Amino acid sequence: MADKPKGMHTYHLDPESLERLYKKYGRPGEIAPGVKAPRKRSIAPDREPGAVPLLETE
């Protein structure tokens, strides 16, 4: 029996099938077909938005 990693499946699709999947579910990086996902931006809780950290020099 061949050793396969459990839980990992690999599929090879022809370009037409892949395009149908993209049309139905959206491309990578989209939350829906044609709707881009928002970029995650985390802000440190002790900093105000847009604040730039200063480098300490001594």
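With which residues is A37 in contact, leaving aside its neighbours within four places in sequence? In the predicted model examined here, the residues concerned are G29, E30 and I31. A37 itself is placed in the segment after β2, a strand that spans residues 35–36, while E30 falls within the range of strand β1, residues 30–32. With a relative accessible area of 34%, A37 is classed as partly exposed, because this value lies between the limits of 20% and 50%.

The elements among which these contacts are set comprise 1 helix and 2 strands, and their order from the N terminus is α-β-β. Of the 58 residues of the protein, 3% count as buried, and the accessible surface amounts to about 6600 Å², with 56% of that area belonging to carbon and sulfur atoms. The mean pLDDT of the protein is 76, and a score of at least 70 is reached by 59% of the residues. Among the elements, confidence is highest in α1, at 92, and lowest in strand β1, where the mean is 84. As a general caution, predicted coordinates should not be read in detail where pLDDT is low.

Helix α1 covers residues 15–25 and includes S17. The helix is hardly covered, with a count of 1 buried residue among its 11 residues. S17 has a relative accessible area of 15% and is therefore assigned to the buried class, for which the value must be under 20%. The side chain of S17 is also joined to that of D14 by a polar contact of 2.6 Å. At the other end of the accessibility range stands Y25, also a residue of helix α1, which is counted as exposed because its relative accessible area of 53% is over the 50% limit. Y25 contributes, together with Y11, L13, L18 and L21, to a nonpolar surface patch of about 540 Å². The helix is followed by G26, which has a positive phi, near 95°.

With respect to charged side chains, the structure holds 1 salt bridge, formed between E19 and R27 with an N to O distance of 2.9 Å. In general, side chains of opposite charge can pair when their charged atoms come close. Both partners retain some accessibility: E19, at 41%, counts as partly exposed, and R27, with a relative accessible area of 39%, is likewise partly exposed.

The loop between β1 and β2 contains P33, a residue for which the relative accessibility of 44% gives a partly exposed assignment. When residues up to four places away in sequence are not counted, P33 touches Y22, K23, K24, Y25 and G26. The list thus brings the loop residue P33 together with Y25, a member of helix α1, and with G26, the residue that follows that helix. For one of these pairs, P33 and Y22, the separation of the C-alpha atoms is 7.1 Å, although the two residues are 11 apart along the chain.

Taken together, the contacts of P33 join the loop between the strands to residues including the exposed Y25, and the contacts of A37 join the segment after β2 to G29, E30 and I31.

Methods: Residues are numbered from 1 along each chain as its sequence is written. This is a predicted model: local features need pLDDT of at least 70, side-chain atom pairs count only at pLDDT 80 or more; totals for chains, interfaces and linings use all residues. Side-chain values use heavy atoms; hydrogens and water are left out. Helices (H or I, at least four residues) and strands (E, at least two) are DSSP runs, numbered from the N terminus. Buried means under 20% relative accessible area, exposed over 50%, partly exposed in between (1.4 Å probe, protein chains only). A polar contact is a pair of N or O atoms within 3.5 Å; within protein, one must be able to donate a hydrogen and the other to accept it, and residues adjacent in sequence count only if both atoms are side-chain atoms. Accessible areas come from the Shrake-Rupley method with a 1.4 Å probe; for residues, only the protein chains shown count as cover. Contact means heavy atoms within 4.5 Å. pLDDT is the predictor's confidence in each residue, from 0 to 100. Patches are made of residues with over 30% relative accessible area and no salt bridge: like charges are joined within 9 Å, nonpolar side chains (Val, Leu, Ile, Met, Phe, Trp, Tyr) within 5 Å. A salt bridge is a side-chain nitrogen of Lys or Arg within 4 Å of a carboxyl oxygen of Asp or Glu.
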